Amino acid sequence: MAHFEIRDLSFSHATARGKACLSHVDLTVEKGEYIVLCGRSGSGKTTLLRHLKSVLAPGGKKSGTVLFNGMPLEEVPPFEQAAKIGFVMQNPDDQIVTDKVWHELAFGLESLGVAPNAMRARVAEMACYFGIQDWFHRDVETLSGGQKQLLNLASIMAMQPEVLILDEPTSQLDPIAASDFLNTVRKINIELGTTVILSEHRLEDIFPYADRAIVMEQGRIIADDTPGNIGAKLWAQKSDMFAAMPAPVRVFYGAHCEGTSPLTVRDGRTWLSRSFPQGASIPSLPDTPAPAASEPPALSLREVWFRYEKDSADILRGVHAEIPTGCIYAIVGGNGAGKSTLLKAIAGIAKPYRGKVSLFGKPNKGAKLFKGTLAMLPQDPKSLFAAKTVREELLEMCTDEEKIAAAAQSCDILSVMDSHPYDLSGGEQQRAALAKVLLTEPKLLLLDEPTKGIDGFFKEKLAETLKKLTAEGITVIMVSHDVEFCAKYADLVSMFFDGQIMTTDTPRRFFGGNSFYTTAANRMSRHVFSMAVTAEDVVALYQRNTASQEG
């Protein structure tokens, strides 16, 4: 018997004015399967996943049937759904309900009425299995984003569910924490036999290991096959979704190779070794020079120190940087390193107790100075929304219809202008918030995780928008966990660690010199090519060396 059988499921939100979020979806999920669900932002992934647990199903017009273990889901008692269907949301703070780590682990078991002795045993087991012992007694609010998401997963697994559903669970995690989290999910599937249904934009760590990959577009399932076959189909169809495929797949087909593409970094490394057994005659591409210094710099940070409370530890510890005008400057680093706090200090939201922050040669002495000069996109886009429709949100910033239409088109939100912002997917909310911020026409734009929840196709459009802004002399400073995006589009990249900027360089030199904090393309190719950090770099070198061999 299948865990889930979805038959002719269609759905539209109550505020969507008839637009279908899901359209005639048919899908069967067998017990023990590991399924990855992918698609562009707004394709219906989250809506579909939420229909697999009644308490999370959105309000609106629905038709069709969802069966769980052969029974219509709405007839499965809430108690049984809570015990058997686990759900991990995109934002860990949306799911945590208690103040202590240990209590969060026990909360679900208390709700299910598990006996105290059994509860203590399960909590202890989960704390050990997930490596939570060292922060077992801590306050939840002191945890990093990665720790919170791991706590959510452990709390759900303590209830021993049959099915684990995860909706873009790594969108707020740094690359190393995301990889560790996804490896834990895979281990749960393999060792416990738990059925896993996972929606994700970053596919490097999950795509190769899935039993099936399902691609959605405009509320429909357009492909359902093994991961190897999905990559070939999307390439043949010239689908926008091909941009989301793992780097080894994009390199293989981008180089116009034939046969079965590698799926993992290890497979890609083996393929390149066989392609160039004697090594590469053209090992590297010329590096792009760093942006020239400007006088005055767009941003100057001199010995900036900051702490949230008088007796607490310093979050920023003598930060020093000078960022030239008209560049894309990316800051990367682990969860909890202080990157978002640095953006707040630049914006004047967090006031440093020592040091100087200057914009375009002028000291930061108050918000009035920066009206029309600085804008910031926060990590949570919902914090910018206060109106009933996306259109009204944009009208708050500007009454020029032509400018609004241009911003909406640039951010790909024309189709959701009359929707309530809270009815949008995570990626659509991010794009709507970006459009709202861009309408302020800033000279310095601060972006906190701008690619969170955004598909590969729109990342390219976002990059085009940012490059257009920098060509007009606007400076973009972004904090991001998306190393692939930073490697491809940033002009300068800095590593933030222990409250300081440790190093700054061009993307090719920065990521090319790292072993772990680097791209899949670099890990796959570094034994053959030098400083190749994007799939495009590897494709270019592959083709040049192949042509050299043939010549």
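**Exercise 1.** Work out how strand E17 (residues 444–448) is joined to strand E18 (residues 475–479).

*Solution.* Start with the direction: E17 and E18 run parallel, and five bridges join them. Strands here are DSSP runs of E with at least two residues, helices are runs of H or I with at least four, and both are numbered from the N terminus. Two strands count as paired if DSSP finds at least two bridges between them. Next, pick one residue: aspartate 448 has valine 479 in E18 as its bridge partner.

A quick note on the model: it's predicted, so local features need pLDDT of at least 70 and side-chain atom pairs pLDDT 80 or more, while totals for chains, interfaces and linings use all residues. Residues are numbered from 1 along each chain as its sequence is written, and side-chain values use heavy atoms, with hydrogens and water left out.

**Exercise 2.** Place these strands in their sheet, then add helix H10 (residues 339–347).

*Solution.* The sheet is open, with six strands in the order E16-E17-E18-E13-E19-E20 and mixed pairing. Its edges are E16 (374–377) and E20 (500–505), each pairing on one side only. H10 lies across E13 (328–332), E16, E17, E18 and E19 (492–497), at about 155° to E17. Angles run from 0 to 180 degrees between N-to-C directions, using lines fitted to C-alpha atoms, for helices over the stretch in contact; contact means heavy atoms within 4.5 Å.

**Exercise 3.** Explain why cysteine 327 has no disulfide.

*Solution.* A disulfide needs two cysteine sulfur atoms within 2.5 Å. The closest cysteine sulfur to that of cysteine 327 is in cysteine 486, 13 Å away, so it's too far for a bond. Overall, the structure holds zero disulfides.
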